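Colleague: I am new to this structure and should be grateful for an account of the terms used to describe it. Please set each term against its definition.

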Amino acid sequence: MSAQDGVHGYELWLSDGTAAGTRLVKDVLPGPDPSSPRDLHTAGGLLFFVADDGQHGRELWRSDGTEAGTFLVKDVLPGSAAPRYDQMAAAGGRLFFLACPDPQPCVLWRSDGSPDGTLPLPADVRLAPGSLSPVGPDLLF
């Protein structure tokens, strides 16, 4: 979940529903400014989210619930500009999403939570009508 404690801006927190079981996972943008995690989705036992670390713009992050296991997955649009992330969905243990770098068209990506396993899908992959279900060669493997 995204929350703030008055010391850190809105950051990624984990809770079991009790005060004792609630903790900051990682201060993605250290200090009082928020990284504002949003678009939280689970896939393959990981939590994926979009956040701004102050260096890369709003990019894709992942977390296993630990500080060390929470990191930037990929700088999809290098530099401080970032794409708009849209239509995120889990399938086959991976996260599929559209990365839309204005003014360029959106590109369908997949991620297994690793930098090398986060890549755009081949150009011949299309979406099934009315859904984010990709259809085409070699989608999940």
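**Terms and evidence**

Modeller: From the N terminus on, the elements of the protein chain run β-β-β-β-β-β-β-β-β-β-β-β-β. The model is a predicted one, in which local features need pLDDT of at least 70 and side-chain atom pairs count only at pLDDT 80 or more, while totals for chains, interfaces and linings use all residues. Residues are numbered from 1 along each chain as its sequence is written, and side-chain values use heavy atoms, with hydrogens and water left out.

Colleague: How many helices and strands does the secondary structure of the protein chain come to?

Modeller: The protein chain has zero helices and 13 strands. Helices (H or I, at least four residues) and strands (E, at least two) are DSSP runs, numbered from the N terminus.

Colleague: What makes E8, E9, E10 and E11 an open sheet, and which strands stand at the edges?

Modeller: Two strands pair if DSSP finds at least two bridges between them. Five bridges join E9 to E10, and these strands run antiparallel. One of the bridge partnerships is that of Phe-96 with Arg-110 in E10. The open sheet of four strands has the order E8-E9-E10-E11, with antiparallel pairing. E8 and strand E11 (118-120) each have a single partner strand, so one side of each is left without a neighbour in the sheet. On average, neighbouring strands of this sheet are turned by 25° against each other, direction ignored; the axes are lines fitted to C-alpha atoms, for helices over the stretch in contact, and angles run from 0 to 180 degrees between N-to-C directions.

Colleague: How do you know that strand E2 and strand E3 pair?

Modeller: Four bridges join strand E2 (residues 11-15) to strand E3 (residues 22-26), and the two run antiparallel. The definition asks for at least two bridges, so the two strands count as a pair. In E3, Leu-24 is the bridge partner of Trp-13, and Arg-23 stands opposite Leu-14. E2 and E3 form a hairpin with six residues between them, and Gly-17 in the turn has a positive phi of about 100°. An open sheet of three strands, with antiparallel pairing, has the order E1-E2-E3. Strand E1 (2-3) and E3 stand at its edges, each with a single partner strand, so one side of each is left without a neighbour in the sheet.

Colleague: Why is the pair of Tyr-85 and Phe-97 called tilted?

Modeller: A pair of aromatic rings is described by the distance of the centres and the angle of the planes. Rings of Phe, Tyr and Trp (its six-membered ring) pair if their centres lie within 6.5 Å; planes under 30 degrees apart count as stacked, over 60 as edge-to-face and the rest as tilted. The structure holds three aromatic pairs. In one of them, Tyr-85 and Phe-97 are 5.5 Å apart centre to centre, with 45° between the planes, and the pair is therefore tilted. This pair links distant parts of the chain, with Tyr-85 in strand E8 (residues 84-91) and Phe-97 in strand E9 (residues 94-100), 12 residues apart.

Colleague: What makes the pair of Phe-97 and Trp-109 stacked?

Modeller: The ring centres of Phe-97 and Trp-109 are 6.2 Å apart and the planes stand at 15°, so the pair is stacked. Phe-97 lies in strand E9 and Trp-109 in strand E10 (residues 107-111), so the pair ties together parts that are 12 residues apart in sequence. Ring pairs link Tyr-85, Phe-97 and Trp-109 into a cluster.

Colleague: Why do Phe-97 and Trp-109 count as buried?

Modeller: Buried means under 20% relative accessible area, exposed over 50%, partly exposed in between (1.4 Å probe, protein chains only). Phe-97 has 0% relative accessibility, so Phe-97 is buried. Trp-109, at 9%, is therefore buried as well. Buried residues make up 38% of the 141 residues in the protein chain.

Colleague: Why is Gly-45 called exposed?

Modeller: The relative accessibility of Gly-45 is 76%, so Gly-45 counts as exposed. Its place is in the loop between strand E4 (38-43) and strand E5 (46-52).

Colleague: How do you know that Asp-86 and Arg-84 meet in a salt bridge?

Modeller: A salt bridge is a side-chain nitrogen of Lys or Arg within 4 Å of a carboxyl oxygen of Asp or Glu. For Asp-86 and Arg-84 the N to O distance is 3.7 Å, so their side chains meet the definition. By this rule the count comes to one salt bridge. Asp-86 is partly exposed at 28% relative accessibility, and Arg-84 is partly exposed at 42%.
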